[in-house]
Each structure stands twice: as structure tokens, then as C-alpha cells.
Amino acid sequence: MVRITKIPCDESIPLTEEEMFPPSAGGETTCMSERGGDVIPNYLKTHMKEVAEESTDIIIDTTPLIRMTHPTANHAKPSESFAGLYAYSISTTSISTTSQSVSCSPNIRATRLAMACGRHSHRFVGDVWIGRLGYLPNQTNDGNALMNLDLPLTDIRVGCELSPDLRSKNVVDMMQQNTKVSFDIHVPDWMGNASQKKYHDGASLAALAGAMTRADVCSDEDDSDQEDSSSSSSGSSDSSPLDKRDKAESETANLKSSKPSLTEITLCLHCRGPATVLCEGCGGAYFCEEPRKCKLNGWSHQCLCSTWKIYVQHRSLLSSFPFLSGWQLPLLQEDCFSSETTYQHFLANVLGVMKPLQSLSTTEENKDTQQNWWATELHGWSGGASRSSKDVNPFHRVSYEDGFALKDKAWIPAERHVTKNDIEQANATYREDGSAISNDVQLIHTDEHGFPILTSWEHYYRLRSLPPSSPAGLLATFPLTVYYAIQHHGAVPLTVAQMLERPLRIHVVGIEKELNFVDLFKELGFLVPKNVAIDMTWVVREDMFPENRDGRHLTLQLTSNLRLSIIGGTYGESLNPDFDMGGPPDMVIGMNAGLFAYESWRHVISYLHHNQNVVGVFTDYNEHSGMNCASLGGWKSANSLEMNPFRQMRAMPVYCMNLPQFSNGFVYIFNEQELNE
């Protein structure tokens, strides 16, 4: 007996298990182990003909949600991890020739399950059946036979009825809000790892496509993270992952490089036209008003709506920086969700670190960029098209005083190493004002390597003797995020490096605007104990080096214990991580990475996948993107996603969504390792 699950397109009809006994050659029912191959399509054809009482030939489309893996010589014994998950549905061709008893309505639950498996752009219509297919030891010979395997409804119920975000915390939060849903939470490991497997299957197909120079080899895969406007045939193939990714990257680059007047408006999630009406269900997406049918045609948002409602509710916690004096509050208001004008005004008129744009000549603008770190932090890199990127010069050294350029020097951290005395003084301030007692705030302790354990901006500000009125954290988010990655997730790599009597090797990939505040990363060296040596390598695009510089390699000794190398190239492609960058990394870090959105990250993800001893730490702007990216590292990585305590204290615009967005907002880990006692 094998169970499959039926997902009706009518959400008022519950999911059901169907027991299937495939017929033998003589027409008798038999157990699955006696026959090979996928018999579900024939079972459904027979079943549908009986139900519809029609003789019309019905075509069943089979869509892989998780591709099965054939056991190799190294894994002679098949296991559950080798099985695939497949969706079966009536082809739209069949629907057009059969009676109206066969529905072609959108199937929200089946589409949601596809998203949970990493197929974010596939859309199912009509009723859908889900089954498993894999290899089992053949009892009649020494080989392995392809068989349909048993699929309990409980294995896929969370992904169908709740959310594509299968993280334990998210599922619990959603069940608490949805009192109509009542079932045991169960997500098997193979389901939790589905997005990771899907991604690497796509990478293998892409590599094969490249080797064979055939664009259609992987045409049934799709890794796009965008909402797909089409209500595609339930069995139709999606676009090639490379085509989709290139298109997504191109659209993103075009959006970033557009003039502010074109982008500082909210956009419809479906058609990308100007829109101001938020989804009533979640408040996280914009849609066009009637009579336009964007909400109806963009029905796939219903798969995410309840999940995004949870994400939107996290805005208050993400916006909470209780230790600060309140200077950050204007940067967290609603007008910041769709425009950077408020932040620009804050930098120009409150901090005085930039001139208003309308008053800048080209010469003055360039001078602004070279003198301090704020212009590039605001405008970013934008593919080299931003106002500030053209004059970025990593060889131009800047002191803290000139880089922060703050009018009150007390707002700037001292350019020196943190000492034990600093920790004692910081803890003394906690005791003096009663914070450690009244607010249940933990004092600053040190770990086994002597690192100060910093878990909040308050810890950092007190340790560096900064007043709550200091806006230094707006820039310090970058070195503090790297520090947090090392201190919080680098215990094992650091221990190994010290045993080998060499520096800790860190590769930071995806560096762009950070090139303009190289000296800001002295803060990392100042926080790390003096006896801990770090070799940090930044990987940047070759065209980001100044044109008048020979070569694509620069080495700087930022502090006595921190050496920075800047190398131009593509990680894992033109640059071999093991041989071209001073030795294999202990950790790979990417800030505001967007692993899911850009094809260039594929080599980084592949490297970490094949080098499980290397810890990867990444941040992302919002929870939706963070969840999709973290899932590429597997089930454990997805569950590691958390708010970054050192996220930037300002809300950032995201034009077609209203999700909380912060620079370095969320952090997640690939290949997490624990230090054994």
C-alpha cells in the first residue's frame, strides 16, 4: 500500500490521503515492491475517468518538486533522502477537452507547497496529487528498483496549509494566529532540506547546460525569487534558472540605477506599476486598485500572505533600539519605507555630514565623498552608477575623525584596542545606573578566546564609551556584523586556526560600498583581542578597482592584529578560494548578500556545500529574502535565521513590498559548528 495526498483547488475541501494499490500485469492488485516505475499517472487516469464518466484520454502532468537521486556506488543502500517528491495534475490540454467537472482554478495550497520546496515561480491550477518516488533494494536481484513510496499527509501538511517558511518558530507563530488550523507540527528533514536540494540540482543542470551549450537542458527549473504574474499550466515548464536569474539581476540593477524620481514610489507586486494600496491581509504588499485586476491575477501572493503578516508584525521589534536616546526615531517612520529622502535630510541637516543634494556641484559632491564615509553608505554602489561610487578609492586612508565627520567628537569611538579595563568600566556603568538589575541586562563577559561577548548595541556603546546620542552605529553596523559573526559563530574555526598557529582566515564576498570606508573596519581589529590574528580578504569585482592602479590586489595592515587584502575577481570562478587568496578560508562572510537573487553567488554556495568545515555567515535586508537565502544552506541553516542585533538603526525602502527592511537586518549560518567541551 502506498499513500498519496490529494490537494483540491477548492480550499474549503480538506486535504485527503488516498491509498493506492497499483495493478499487476494480470490486472490484480499487488504490493509496490513487485512492480517498478511511477504508476501514479496511470492510477490517476483510471481514477479520473471513473469520476468524470468520460472516455476522453486524460493527460497527467508530472512536476518534480524534489528530484530523486539515484544511489551511487558509495551509497549502495537507498534511503529516504534519495526519494523525490512529485506533483501530479491534469494537463490544461485535458481540461479544455473534458467536462467542467475538472476545475482549472488556482491551487493555492499546491503552489504554496511548491514554494516550500524552492520552486517559487511555479503555479498550479486544478486539483493536484502529491506522491513520492525513489529507489528501493530490489528483492529479486542485487540492483535498486524505482518505486512509488508511501507519503503520509502529515509530511507535507505544514507546507500546504501554513507557509513556505517551514522554520519552527514561524510555524508556531502562524498556528497561534490561525485558530482554524489544528494539527501536529511535523516537518521531516527531507522536506526541510528541499530548497537546498532543489538549488544544487539546478546548479548541476546549469553546469550540464553550459557544457552542452544547450539552453533548454534545464528549462524545467526556476530559481527566481520574484512573484510570477502568470497562472501557468499545472504541468508546464518554467524558464531556465540562468535566464530567470539574469533577468532578475538585470531588473534589479535597472531599478537601483534609476533616478530617485522613478523609484521613490511604491510599486504593485504584480505589474510593477505605481500603487499605494496595501494588501488587507498582511499589509506587506502593494497592489493596483480596481478596476485593474492585479490582486486577482497575482493570486500567488495568497500563498505568502499569512506569512508576510507575521513578518510585518516583526517591524516593532526590528525598530527597537531602547538604549539610544531617540535620534534614530525619524529614521524608522513610515516615510522611510518608500524613500531615502528622510535619511538624506538627517545626514545633511541633523548630522551635517553631507550637503543637500540640490546644493551640490559635481566638485562639491566628489569632495563630500572623499572626505567622509556617509555618501557611499547612503547611495551604495548601484552597479557603479551611484553618485558616490565613481570616486571610491580604497587606497585613500581616512581617520575615524574624518571618516565619521561627526560634530561632537564624543560620538566617535577611540582609535585604539579595547582593554580589560574598558570591559570593567562598561560593566561599572551598568551597575551605577541600575540597568543590569532593572532591565535584566547581562553584563559584558568574555568567551574562551578572550572576545567580549557583545549581543546588543548597548553592549557596544558602553564598551566603547559612546553616549546614547551617538549615531556612530549607522556606520559601525558593518564591522560589528563581522565581529558578531566571528565571536558568535567562529569558535571552532578560531580554535583550529590557533592550533595550527596561523591567523584566522576570513573571506568577505560581495564587497561594494565598503571599499569607501576601509578604515572603518579597524573597529573589528580593536574589538578582537590583540593576541588573535585575523587575515581578512575582501573579494570585489575587478572593475571596482581604480583605473590608475596596476594589478588587482591590495594588502593593508589595518591594526596590529588585522590584515586586510582586497582582491579583484569572481569567487570560485576566476579566483580559487583555496589557492588564490592566501589559503583556504575558515569562514566566508557576505553582508546584505541576497544569495537567492544573483547568479554570481552560486560559486560561493557551491563551495560551502562541498566544504562543510568552512562556516558561512550572511546577512540580508528582510525576513522573506533571508528565509529564501538561508534555506539554500539546508534545514539547519534555515532555522538559524534570526534578527541581527547589530542591524542598522534605520528602515530602508523596498518599493514593491512593505516588509521591514534593514541593512544587515537578518543573519543566518551555513555549516554551523559547535565547540565540544
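**Entry 1: V492.** I looked up the burial of V492 in this predicted model and found a relative accessible area of 14%. That value lies under the 20% cut-off, so V492 counts as buried. I then placed V492 in the secondary structure and found the residue in helix α21. For a contact remote in sequence, I checked N676: the two residues are 184 positions apart along the sequence, yet the C-alpha atoms of V492 and N676 lie 8.8 Å apart in space.

**Entry 2: L500 and the surface patch.** I turned next to L500, which sits in the loop between α21 (491-499) and β9 (504-509). Is L500 buried or exposed? I read a relative accessible area of 55%; because exposed means over 50%, L500 is exposed. I also noted that L500 joins V496 and M499 in a nonpolar patch on the surface. Together, V496, M499 and L500 present about 320 Å² of accessible area.

**Entry 3: the second largest pocket.** I recorded a volume of about 480 Å³ for the second largest pocket. Its lining comprises 16 residues, of which E161, L162, N178, V181 and S306 are the closest to the centre. Which helix gives the most to this lining? I found that α11 does, with four residues. I noted that α3 (108-116), α5 (168-177) and α11 (305-313) each supply at least two lining residues. By character, I sorted the lining into six charged, five polar and five nonpolar residues.

Conventions. Residues numbered from 1 in each chain as written. Predicted model: local features only at pLDDT ≥ 70, side-chain atom pairs only at ≥ 80, totals over all residues. Heavy atoms only, no water. Patch = residues over 30% accessible without salt bridge, like charges linked within 9 Å, V, L, I, M, F, W, Y side chains within 5 Å. Areas by Shrake-Rupley, 256 points an atom, 1.4 Å probe, with all protein chains shown as cover. Salt bridge = Lys/Arg side-chain N within 4 Å of Asp/Glu carboxyl O. Buried < 20%, exposed > 50% of the residue type's maximum accessible area, 1.4 Å probe, protein only. 1 Å grid on protein atoms, 1.4 Å probe; cavity = no way out; pocket = protein on both sides within 12 Å on 5 of 7 lines; lining within 4 Å. Points joined across faces, edges and corners; volume = space filled by probe spheres on them. Nonpolar A, V, L, I, M, F, W, Y, C, P; charged D, E, K, R; others polar.
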